[in-house]
Amino acid sequence: MQKMINIALPKGRLGEKAYGVFEEIGYGCPSIRETNRKLIFENEENGVRYFWVKPSDVAVYVERGVADVGVVGKDILLEQSSDVYELLDLGMGKCRMAVAGKKGGRIDTDRTLRVATKFPNIAREYYRKQSLEIEIIELHGSIEIAPILGMSDVIVDIVETGTTLLENDLEPWEDIVSISARFIANKASYKFLNEPIRQMCEKMNEAIKKS
Ligand SMILES: Nc1ncnc2c1ncn2[C@@H]1O[C@H](COP(=O)(O)OP(=O)(O)OP(=O)(O)O)[C@@H](O)[C@H]1O
Ligand SMILES: O=P(O)(O)OC[C@H]1O[C@H](OP(=O)(O)OP(=O)(O)O)[C@H](O)[C@@H]1O
């Protein structure tokens, strides 16, 4: 019997969209639509098992081989330096990583820059290249509040439509990197399940090219 392919999907908007593509190319799992609290679903007929995990944990499951493949934002791969194969840019979940600060403000290079972020490694690497001395203030959400309340000078965060910045009197100052969702694979799985993973990847590629 063929081995199941274990797929880690990010809970939320991105995962729903990605699952839609898997369904379209023949890897659906009907019971997945029946509940939104269950976390593991499988379909023996087409040999897939899905895990719904926190978006920032997808690469951890794939790196450790609990999931053979997964869908994850490039932001997470960069932040976690995940040791996985990046097989395909899915062209969804598009946004950018940017530095933002108060409207009309600018960076004061004479003192240590206080940077609030959910992405400390990306921020550190960005400012290391600029030889700027910084202090990281690590937060886990609502990052935009930090500069407004004077806790940080800038934020390094995801910007999609720009609405959150705008509504909080902030503006983007510098773009760091473009982000989109990636189809990733565990390195050992890619070797041992090469044929079915490559087939899945090719079908996904066809489907996203059409859409
Ligand atoms: N406006 C956006 N905000 C956040 N992420 C976005 C946005 N647009 C696209 N993305 C992409 O979608 C992915 C999942 O984002 P989502 O907002 O669903 O999770 P999250 O709340 O950031 O995750 P977690 O709960 O693990 O912190 C991100 O990693 C990013 O690549
Ligand atoms: O440019 P926009 O379209 O406004 O999107 C950007 C916002 O979306 C993300 O937050 P998220 O919704 O993930 O909430 P969080 O503050 O809990 O991270 C990100 O951290 C920004 O705050």
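This is a short tutorial dialogue on reading a predicted model of a protein with a ligand.

Reader: Where should I start: what does the secondary structure of the protein come to?

Author: Start by counting elements. Here there are 8 helices and 11 strands. Next, look at the extent: the C-alpha atoms fill a box of roughly 65 × 30 × 30 Å along the principal axes.

Reader: Which domains does the domain assignment give?

Author: A domain may be written as more than one stretch of sequence, and you can see that here: domain 1 is 5-93 + 180-210, while domain 2 is 95-178. Their centres, taken over C-alpha atoms, are 30 Å apart.

Reader: How many residues of each domain are in contact with the other?

Author: For this, look at both sides of the meeting place. Domain 1 brings 5 residues, which touch 8 residues of domain 2. On the domain 1 side, these are 1 nonpolar, 2 polar and 2 charged.

Reader: Now the ligand. Why does ligand 1 lie between the domains?

Author: Ask which domains give residues to its shell. Domain 1 and domain 2 both do, so ligand 1 lies between them. Of the 15 residues around ligand 1, the nearest are Gly12, Pro55, Ser56, Gly73 and Glu160.

Reader: Which helices supply at least two residues of that shell?

Author: Helix H1 (13-24) and helix H3 (74-80) each do. By class, the shell around ligand 1 holds 7 nonpolar, 4 polar and 4 charged residues.

Reader: And what share of the protein's residues is buried?

Author: Take the whole chain for that one: of 211 residues, 33% are buried. As for contacts between residues at least 6 apart in sequence, 66% join residues at least 24 apart.

Technical notes. Residues are numbered from 1 along each chain as its sequence is written. Chains are lettered from A and ligands numbered from 1 in the order in which they are written. This is a predicted model: local features need pLDDT of at least 70, side-chain atom pairs count only at pLDDT 80 or more; totals for chains, interfaces and linings use all residues. A residue is near a molecule or strand if its C-beta atom, placed from the backbone, lies within 6 Å of it. Helices (H or I, at least four residues) and strands (E, at least two) are DSSP runs, numbered from the N terminus. Ala, Val, Leu, Ile, Met, Phe, Trp, Tyr, Cys and Pro count as nonpolar, Asp, Glu, Lys and Arg as charged, and the others, Gly among them, as polar. Domain bounds come from an automatic or database domain assignment. Two residues are in contact if their C-beta atoms, placed from the backbone, lie within 7 Å. A residue is buried if 20 or more other C-beta atoms lie within 10 Å of its own, exposed if 12 or fewer, and partly exposed in between; C-beta atoms are placed from the backbone.
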